[in-house]
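Trainee: I want to learn how to read a fold from its coordinates. Can we go feature by feature?

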Amino acid sequence: MAITGEAVDEDEVTARLRAACLALPEAVEERAWRGTRWRVRGRTFAHVLEVEDGDPPSYARAAGTDGPVCVLTFRAEGAELDALSHAGHPFFKPAWSANVVGVVLDDGVDWEEVVELVTESYCASAPKKLVGLVERP
């Protein structure tokens, strides 16, 4: 398996995602079984972790890499889900959930796009009352 681009630091990635995710209403950060996840009212809308030496295998297979690389999974809907599911690198479509998409966060990552994706994921997961409070990029 091969992915182009240089790996980025997981702590730096988590800090950048933390700023975007915790700016959303009632979002909470938790340690996940691996990596870090952000949730709203019990629903995960973003999960970041490192793939290294093919572990965890489900993420390594989905992302098409043995690592080391950070990956972010998030929720998408409608045309965005369809487009991202078929976009190719750096995006990937995990098999474990119909509305989850992933992105490899390498040195070429567009952080503005990542913030938009996380915000849209939040809006796909949060109650409408909270979604109404969100300024979308």
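Mentor: We will take the helices, the sheet, the cysteines and then the backbone oddities.

Mentor: First, the ground rules. This is a predicted model, where local features need pLDDT of at least 70, side-chain atom pairs count only at pLDDT 80 or more, and totals for chains, interfaces and linings use all residues. Residues are numbered from 1 along each chain as its sequence is written, and side-chain values use heavy atoms, with hydrogens and water left out.

Trainee: How far apart are the end C-alpha atoms of helix α1?

Mentor: Start with the naming. Helices (H or I, at least four residues) and strands (E, at least two) are DSSP runs, numbered from the N terminus. The expected span of a helix is 1.5 Å times one less than its number of residues. Helix α1 covers residues 10-21, so its 12 residues should span 16 Å. Its end C-alpha atoms are 16 Å apart, which agrees.

Trainee: Which residues of α1 are buried?

Mentor: The general idea comes first. An α-helix has 3.6 residues a turn, so residues three or four places apart point the same way. Buried means under 20% relative accessible area, exposed over 50%, and partly exposed in between (1.4 Å probe, protein chains only). In α1, the buried residues are Val13, Thr14, Leu17, Ala20 and Cys21. Seen down the axis of α1, they fall within an arc of 125 degrees, so they line one face of the helix. That arc is taken from the directions from the helix axis to the C-beta atoms. Asp11 and Ala19 are exposed, on the face turned away from the buried side.

Trainee: What do the buried residues of α1 pack against?

Mentor: Use contact here: heavy atoms within 4.5 Å. The buried residues of α1 pack against the strands β1 (27-31), β2 (36-40), β3 (43-51), β4 (69-75) and β6 (100-105), and against helix α4 (111-125).

Trainee: What is the order of the strands in the sheet?

Mentor: Strands of a sheet pair through backbone hydrogen bonds, either parallel or antiparallel. Two strands count as paired if DSSP finds at least two bridges between them. Here an open sheet of 6 strands has the order β1-β2-β3-β4-β6-β5, with antiparallel pairing. β1 and β5 (91-92) stand at the edges, each with a single partner strand, so one side of each is left without a neighbour in the sheet.

Trainee: How many bridges join β1 to β2?

Mentor: The count is 5, and the two strands run antiparallel. Glutamate 30 has arginine 37 in β2 as its bridge partner. Another 5 bridges join β2 to β3, where tryptophan 38 is partnered by alanine 46 in β3. Between β4 and β6 there are 6 bridges. There, arginine 75 has valine 100 in β6 as its partner. As for burial, 4 of the 5 residues of β2 are buried.

Trainee: Which strands does α4 lie across?

Mentor: For crossing angles, axes are lines fitted to C-alpha atoms, for helices over the stretch in contact, and angles run from 0 to 180 degrees between N-to-C directions. α4 lies across β2, β3, β4, β5 and β6, running at about 140 degrees to β3. Serine 121 is a good residue to inspect in α4. At 0% relative accessibility, serine 121 is buried. Leaving aside neighbours within four places in sequence, serine 121 contacts Phe45, Phe74 and Arg75.

Trainee: How many disulfides does the search find?

Mentor: A disulfide is a pair of cysteine sulfur atoms within 2.5 Å. The search of the whole structure finds 0. Cysteine 21 is in no disulfide, and the nearest cysteine sulfur, that of cysteine 123, is 12 Å away. That is too far for a bond. Cysteine 21 is buried at 0% relative accessibility, and cysteine 123 is buried at 10%.

Trainee: Where are the cis peptide bonds?

Mentor: Read omega. A cis bond joins aspartate 55 and proline 56, with omega about 0 degrees. Proline 56 is in the loop between β3 and α2 (57-63). Another cis bond joins histidine 89 and proline 90, with omega about 15 degrees. Proline 90 lies in the loop between α3 (78-85) and β5.

Trainee: What is the phi of glutamate 26?

Mentor: It is near 60 degrees, a positive value in a residue other than glycine. Glutamate 26 sits in the loop between α1 and β1 and is partly exposed, at 46% relative accessibility. Arginine 41 has a positive phi near 45 degrees, in the hairpin of β2 and β3, which has 2 residues between the strands. At 52% relative accessibility, arginine 41 is exposed. In the hairpin of β1 and β2, with 4 residues between the strands, glycine 35 has a positive phi near 80 degrees.
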